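Reader: Could you walk me through one part of this model in detail, the way its helices pack against each other? I'd like the cut-offs spelled out too, since I'll want to check them myself.

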Amino acid sequence: MLTSVDADLLRVLADPLRLRIVTLLAEETLCTTHLIEETGARQTNLSNHLKVLREAGVVETEPCGRFTYYRLKPDVLASLAGRFTGLAETARATAGNDVKRSCP
């Protein structure tokens with residue numbers, strides 16, 4: 001069953017730029033400068049999106065000199081994916097039942 005936390009996470013990931021950031025971070029740990037180059041986003045806009053991802057627990061930071069590197073936290077995404085897998089399995093198991101709740 002999806003929780004309100006899951007719904008919040010889905011809203012966070014629904015933004016195209018945040019989804020692009022997550023996709024890039026799945027491949028490697030990147031600093032803000034790399035993410036600006038890869039996405040073409042303005043620094044202020046990118047920083048705001050990274051803050052949302054950080055607050056949602058999707059990414060973590062690693063200071064390195066005057067730069068901040070961002071790393072994806074895969075367990076957060078795996079947990080959400082597992083909930084969707086559970087929903088799909090339930091739907092498959094009940095698909096052939098043809099049981100319908102009657103309308104009042």
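Author: Here's a look at the helix packing, with some background on the chain and two single residues afterwards. First, the ground rules: this is a predicted model, where local features need pLDDT of at least 70, side-chain atom pairs count only at pLDDT 80 or more, and totals for chains, interfaces and linings use all residues. Residues are numbered from 1 along each chain as its sequence is written, and side-chain values use heavy atoms, with hydrogens and water left out.

The chain has 5 helices and 3 strands, where helices (H or I, at least four residues) and strands (E, at least two) are DSSP runs numbered from the N terminus. Reading from the N terminus, the order is α-α-β-α-α-β-β-α.

Let's start with helix 1 (residues 4-14) and helix 5 (residues 74-94), which pack at about 115° with their axes 11 Å apart. Those axes are lines fitted to C-alpha atoms, for helices over the stretch in contact, and angles run from 0 to 180 degrees between N-to-C directions. Helix 1 and helix 5 are therefore roughly perpendicular; the cut-offs are under 35 degrees for roughly parallel, over 145 for roughly antiparallel, 65 to 115 for roughly perpendicular, and oblique for the rest. Their crossing is left-handed, a label used if the near helix is turned anticlockwise from the far one by less than a right angle, with right-handed used if clockwise.

Who's touching whom? Helix 1 brings Asp 6, Leu 9, Leu 10 and Leu 13, and these meet Val 76, Leu 77, Leu 80, Arg 83 and Phe 84 of helix 5, with contact meaning heavy atoms within 4.5 Å. Sorted by class, that's 7 nonpolar, no polar and 2 charged residues. Here Ala, Val, Leu, Ile, Met, Phe, Trp, Tyr, Cys and Pro count as nonpolar, Asp, Glu, Lys and Arg as charged, and the others, Gly among them, as polar.

Next pair: helix 2 (residues 16-27) and helix 3 pack at about 120°, with axes 11 Å apart, and this crossing is right-handed. Leu 17, Arg 20, Ile 21, Leu 24 and Leu 25 of helix 2 make the contact with Leu 35, Glu 38 and Thr 39 of helix 3. The class tally is 5 nonpolar, 1 polar and 2 charged residues.

Helix 3 (residues 32-39) also holds Thr 32. Thr 32 is buried, at 17% relative accessible area; buried means under 20%, exposed over 50%, and partly exposed in between (1.4 Å probe, protein chains only). Leaving out residues up to four places away in sequence, Thr 32 touches Gln 43, Leu 46, Ser 47, Leu 50, Thr 68 and Tyr 70.

For a strand residue, take Arg 71 in strand 3 (residues 67-72). Arg 71 is partly exposed, at 29%, and with the same sequence neighbours left out, it touches Thr 29, Val 58, Val 59, Glu 60 and Glu 62.

Zooming out, buried residues make up 24% of the 104 in the chain. The C-alpha atoms fill a box of roughly 60 × 25 × 20 Å along the principal axes.
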